[in-house]
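Me: I should like to learn how to read the features of a protein model. May we go through one together, step by step?

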Amino acid sequence: MNTVIQRFKEIGIIPVIALEHKEDASLLADALCKGGLPAAEITFRTREAAACIKEMRTSHPDMLVGAGTILSTAQVDEAISAGAQFIVSPGFDEEVVKYCIQKDIPVVPGTATATDVQAAYKLGLNFVKVFPAEILGGIKMIKAIAAPYNMMTFMPSGGVSEKNMDAYLKEDIILCVGGSWMVKKDLIDNKEFDTIEALSREARSRFEKIRG
Ligand code: 3PG
């Protein structure tokens, strides 16, 4: 398995983060690492996203840091220049996926239907995001979609939280889950890094209980 994808599996829970200020990147990375979740999907929903990736990669070189909400090949270039180690999109975009393959950066497109999963498989992927997982029907829906595609594994994201993560992580088809519950905007804005660390630790310990 690709080493980046292997790290998704080991870390188990990928924090999805909209960071407004690069000054918060290093403190946030500290909190996540201390809490046992040394990973970040920094979403391109803020102007500072690329700068935040660069900052985290420099201050925490051992962390797994990638770019989320990537909607164009230009953003792929921006993310790679900032040091992103992976690319995530909310939906399946053939052009973006092909471009990432060409650039040799792991790409995790969003899927919501069997058609999306099959399109990703056709391009050689065996790991995709499912978004927005809870509203789509949660683990029940993913199991149904996964049935014909036994070569695929999934990262549900969107509505995943400490309340429902167990149901996903109990299933082998789930490689990891993604979510923002430990890195909510108000926690970052109020610089509540201790709370972020505690929520991360709690999430990681639940993950370890399930996956061992
Ligand atoms: C994502 O991009 O995967 C989601 O925005 C994360 O969803 P959540 O905020 O519901 O955890």
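Me: Does C100 count as buried or exposed?

Reply: Please keep in mind that this is a predicted model. Burial is judged from relative accessible area, and a residue under 20% is called buried. C100 has 0% relative accessibility, so C100 counts as buried. C176 is likewise at 0% and counts as buried.

Me: How many disulfides does the structure hold?

Reply: To count as a disulfide, two cysteine sulfur atoms must lie within 2.5 Å of each other. The structure holds zero disulfides. For C100, the closest cysteine sulfur belongs to C176 and is 17 Å away, which is too far for a bond. For C176, the closest cysteine sulfur is that of C33, at 16 Å, so this pair is also too far apart for a bond.

Me: Which residues are found around the ligand?

Reply: The ligand is surrounded by V16, R45, K129, F131, S157, G158, G159, G179 and S180. Sorted by class, this shell has two nonpolar, five polar and two charged residues.

Me: Which polar atoms lie close enough to the ligand to be listed as contacts, and at what distances?

Reply: For a polar contact, one looks for a pair of N or O atoms within 3.5 Å. In the side chain of S157, an N or O atom is 2.5 Å from an oxygen atom of the ligand. A polar backbone atom of G158 is 3.5 Å from a ligand oxygen. S180 has a polar side-chain atom that lies 2.6 Å from an oxygen atom of the ligand. The ligand on its own has 310 Å² of accessible area, and the protein covers 83% of that area.

Me: What should I look for in the backbone angles and peptide bonds?

Reply: Begin with the general expectation: most residues other than glycine have a negative phi, and most peptide bonds are trans. One may then search for departures from it. Phi of T69 is positive, near 55°, and D104 has a positive phi near 60°. The peptide bond from F131 to P132 is cis, with omega near -10°.

Me: Where are T69, D104 and P132 found?

Reply: T69 is in the loop between strand 3 (64-68) and helix 4 (73-82). D104 is in the loop between helix 5 (94-103) and strand 5 (107-108). P132 lies in the loop between strand 7 (127-130) and helix 7 (133-136). As for burial, T69 is buried, with a relative accessible area of 11%, whereas D104, at 70%, counts as exposed.

Me: What does T46 touch, and where does T46 lie?

Reply: T46 lies in the loop between strand 2 (39-43) and helix 3 (49-59). Not counting residues up to four places away in sequence, T46 touches A18, L19 and E20. A polar atom of the T46 side chain lies 2.7 Å from the backbone oxygen of L19. The relative accessible area of T46 is 11%, so T46 is buried.

Me: Is P109, in its own loop, buried or exposed, and which residues are in contact with P109?

Reply: P109 lies in the loop between strand 5 and strand 6 (110-111). With a relative accessible area of 1%, P109 is buried. Leaving aside neighbours within four places in sequence, the contacts of P109 include S89, F92, V97, L125 and K129.

Technical notes. Residues numbered from 1 in each chain as written. Predicted model: local features only at pLDDT ≥ 70, side-chain atom pairs only at ≥ 80, totals over all residues. Heavy atoms only, no water. Near = heavy atom within 4 Å. Polar contact = N/O pair within 3.5 Å; in protein donor to acceptor, adjacent residues only side chain to side chain. Areas by Shrake-Rupley, 256 points an atom, 1.4 Å probe, with all protein chains shown as cover. Nonpolar A, V, L, I, M, F, W, Y, C, P; charged D, E, K, R; others polar. Helix = DSSP H or I, 4+ residues; strand = E, 2+ residues; numbered from the N terminus. Buried < 20%, exposed > 50% of the residue type's maximum accessible area, 1.4 Å probe, protein only. Contact = heavy atoms within 4.5 Å.
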